[in-house]
Amino acid sequence: MKVSKMSLMMSLAAIALGCQSWPVAEPSAEAPTQPPTAEQSNPFRDAVNKAMEAATLTQTAKTHDEWNTVSAAWQQAIGLMQAVPTSHPSYETAQAKVGEYQRNLEYAHQNTQKAKLTAQRMSECEAAVQAAARVSSMADQVEDLDPAIRVCQSLNELTAASEKFPAALDGADPKTFISNRCRYEESLKTTPICRTLLAAMQTVHYLAVRPGSPAPDDPVPVFNKQVMVALTAAAESQDLSRVRSILSSPDVERIPGGSIVEVVEISGDLALVELRTRDVQGNDLSGEIRATLSRFVQSQQF
């Protein structure tokens, strides 16, 4: 007990005299926060990276929202380029890039508006196709889809809409059905879809005694220039018996109905055609020029 009191008194005395060597907390050794270095913060490098991101997005952008994302990326790239200080070694390049990026931003804005209009047209196109699909099977008419042909801007748009509402076409092939409507319905010929389809159609000429009946067992008469002169003279003199006699003569060749020909010239009742076939006797007449009655020359667009 005496020892404890003595130790306590000695400790108090040491404190009073300032001789106590108690441990003292050391100040924090953490380094003060340093401002970011040029390497850590480089707006030129960041701008280029953002521009690369925008360019990558541009390659796949289609919808209104996707083009909006592209526009936002270019806007950020422009802001970063504008932040490049005059002291930066790439300052002059940055100024040129600002103009380049602004042109890209304008391109993105234009495509954003186009995508918006396309979406609106698709909505109208789908509504027109849906209306055709709602017509009952008992009341179906080929004209039911005409409003959609007028509203839709392309065959692809209408086809996509018909896939959502298949009852509109009742299983018919869209291109075949619409091509026929474009060919036979005059009021549709000026629509965007019909203008495109009609321009792409190929006109094929063939021989047929009766329109729409190019049967091989219904041969078409063709003849050379000498016979054509004689036939023309008989026709001008209105000598019908002479016309029949010439057309039934051995000098008149017979071509299987439906044979494809190239039209050289059509003048009045006569036509000059280049043949691509054999006659009914098996003689090869490919490349030969023959005359025939113009009413035997039929045409079809495919």
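**Note on helix H3 and the two disulfides**

1. Start with helix H3. Its buried residues are covered by, among others, helix H2 (43-60) and helix H4 (91-133). The model is predicted, and the points below should be read in that light.

2. Which residues of H3 are buried? Two tryptophans appear in the set, Trp67 and Trp74. The others are Val70, Ser71, Ala73, Ala77, Ile78 and Met81. They take up an arc of only 160° around the axis, which places them on the same side of H3. The background is simple: an α-helix has 3.6 residues a turn, so residues three or four places apart point the same way.

3. The length of H3 checks out. The helix runs over residues 64-82, 19 residues in total. At 1.5 Å a residue the expected span is 27 Å, and the end C-alpha atoms lie 27 Å apart, so the two agree.

4. Now the chain as a whole. Its secondary structure amounts to 10 helices and seven strands. The chain has 302 residues, and 33% of them count as buried. It exposes about 19400 Å², with carbon and sulfur atoms supplying 54% of that area.

5. Contacts in the chain were split by sequence separation. Take those between residues at least 6 apart in sequence: 60% of them join residues at least 24 apart.

6. How many disulfides does the structure hold? There are two. With the bonded cysteines numbered in sequence order, the pairing reads 1-2, 3-4.

7. One disulfide links cysteine 125 and cysteine 152, with an S to S distance of 1.9 Å. The torsion about this S-S bond is about 90°, so the disulfide is right-handed. Cysteine 125 sits in helix H4, while cysteine 152 sits in the loop between helix H5 (146-151) and helix H6 (155-164); the pair therefore ties together parts 27 residues apart in sequence. Are these cysteines buried or exposed? Cysteine 125 and cysteine 152 are both buried.

8. Another disulfide links cysteine 182 and cysteine 194, S to S 2.0 Å. Here the torsion about the S-S bond is about -75°, so the disulfide is left-handed. Cysteine 182 belongs to helix H7 (residues 174-184) and cysteine 194 to helix H8 (residues 192-200), so the pair ties together parts 12 residues apart in sequence. Cysteine 182 and cysteine 194 are both buried.

9. One link between these points: helix H4 is part of what covers the buried residues of H3, and helix H4 also carries cysteine 125.

Key
Residues numbered from 1 in each chain as written. Predicted model: local features only at pLDDT ≥ 70, side-chain atom pairs only at ≥ 80, totals over all residues. Heavy atoms only, no water. Helix = DSSP H or I, 4+ residues; strand = E, 2+ residues; numbered from the N terminus. Expected span 1.5 Å × (residues − 1). Buried < 20%, exposed > 50% of the residue type's maximum accessible area, 1.4 Å probe, protein only. Arc of directions from axis to C-beta. Contact = heavy atoms within 4.5 Å. Areas by Shrake-Rupley, 256 points an atom, 1.4 Å probe, with all protein chains shown as cover. Disulfide = S-S within 2.5 Å.
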